[in-house]
Amino acid sequence: MSLNGKVILVTGAGQGIGRGIALRLARDGADVALVDLKADKIEAVKAEVEALGRKATTFVADVSVREQVYAAIDHAEKELGGFDVIINNAGIAQVKPLADVTPEDLQRILHINIGGVTWGIQAGAAKFKARGQKGKIINASSIAGHEGFAMLGVYSATKFAVRALTQAAAKEYASAGITVNAYCPGVVGTDMWVEIDERFAELTGAPKGATYEKFVEGIALGRAQTPEDVAALVTFLSSDDSDYITGQAILTDGGMVYR
């Protein structure tokens, strides 16, 4: 998959799926702008990207703050000499029974998981239009954006919302040559799933690791997903080969949720 000459911005690029995406994009020829709250982590990923022979730049930003997302894109364009794709990957999980969700819980996850994607769509489309070019917007949804999961109700709601934003944006920006799609991972062996498993253990009394193993047992292909599995889909959606695909939220889960 060739991404030669493309400049791609990835939010939440400091670890997990975001890091995996950034490295795959670099291997396929893209220059990458790395955005995260944690400066040390994106600097480490920057070194990995540069070791692959590609350019990289870093920008510390909170994606729930609109102005910071716009600034991150301006930085990417200035430092890397263009702007072709934005990947709105940053997000958080929240494991809690619906009865226990507080206003503060709700506000935080909505601002990051929905707000961050909304600002990324806005800012990315505005930059593509200002540059007079086509572009690609790629959003992180989840299997929980296709099916609500117990103890993950609000998280699931945010990922359903990402699907809705993806569809609406695809319709609004198609005439400008901008495609908008989403990727929907399943059980990925990252720090987020360590946190999810630990919270389930606290809430249900299950031994640590048991919830993770239970979910993995439900995967048809028989193993947990890796960040590289997710990145393979994202690099396709970033490439010219996906030019005729828009408004889709594609499941990449090894066979868990079927739609």
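**Close-up A. R19 and its salt bridge with E48 in the predicted model.** In this predicted model, R19 is partly exposed, with a relative accessible area of 30%. Its partner in a salt bridge is E48, and the closest N and O atoms of the two side chains are 2.7 Å apart. R19 belongs to helix α1 (residues 16-27) and E48 to helix α2 (residues 39-51), so the pair ties together parts of the chain that are 29 residues apart in sequence. E48 is likewise partly exposed, its relative accessible area being 28%.

**Close-up B. The salt bridge between D240 and K6.** The closest N and O atoms of D240 and K6 are 3.1 Å apart. Because K6 lies in the segment before β1 (7-11) and D240 in the loop between α8 (227-238) and β7 (249-252), this contact ties together parts that are 234 residues apart in sequence. K6 counts as buried, with a relative accessibility of 15%, whereas R19, in the preceding view, is partly exposed at 30%.

**Close-up C. D229 with R223, and a network of charged side chains.** D229 and R223 form a salt bridge in which the closest N and O atoms are 2.8 Å apart. Both residues fall into the partly exposed class, D229 with a relative accessible area of 25% and R223 with one of 46%. Elsewhere, D74, E77, K127 and R131 are joined into one network by salt bridges that share partners. The structure holds 13 salt bridges, among them the D229 and R223 pair shown here. As background, side chains of opposite charge can pair when their charged atoms come close.

**Close-up D. The stacked rings of F83 and F128.** The ring centres of F83 and F128 are 5.2 Å apart and the ring planes meet at 25°, so the pair is classed as stacked, the cut-off for that class being under 30 degrees. The pair links distant parts of the chain, with F83 in the loop between α3 (66-80) and β4 (85-88) and F128 in helix α4 (residues 103-131), 45 residues apart. F83 and F128 are both buried.

**Close-up E. The tilted rings of F149 and F215.** The count of aromatic pairs comes to 2, and the pair shown here, formed by F149 and F215, is tilted, with 6.0 Å from centre to centre and 50° between the planes. F149 lies in the loop between β5 (135-140) and α5 (153-173), while F215 lies in helix α7 (residues 210-217), so the pair ties together parts that are 66 residues apart in sequence. As with the stacked pair, F149 and F215 are both buried.

**Close-up F. The packing of α4 against α5, and a charge over a ring.** Helices α4 and α5 pack at an angle of about 15°, and their axes are 10 Å apart. This angle makes α4 roughly parallel to α5, and the crossing of the two helices is right-handed. In a separate contact, R163 lies over the face of F160, at 5.9 Å from the ring centre.

**Close-up G. L9 in strand β1.** L9, which is found in strand β1, is buried, with a relative accessible area of 1%. The C-alpha atoms of L9 and A51 are separated by 18 Å, the two residues being 42 residues apart along the chain.

Definitions and conventions. Residues numbered from 1 in each chain as written. Predicted model: local features only at pLDDT ≥ 70, side-chain atom pairs only at ≥ 80, totals over all residues. Heavy atoms only, no water. Phe/Tyr/Trp six-rings, centres within 6.5 Å; stacked < 30°, edge-to-face > 60°. Helix = DSSP H or I, 4+ residues; strand = E, 2+ residues; numbered from the N terminus. Buried < 20%, exposed > 50% of the residue type's maximum accessible area, 1.4 Å probe, protein only. Lys NZ or Arg CZ within 6 Å of the ring centre and 35° of its normal. Salt bridge = Lys/Arg side-chain N within 4 Å of Asp/Glu carboxyl O. Axes fitted to C-alpha atoms, helices over the stretch in contact; angles between N-to-C directions. Parallel < 35°, antiparallel > 145°, perpendicular 65-115°, else oblique. Left-handed = near helix turned anticlockwise from the far one by under 90°.
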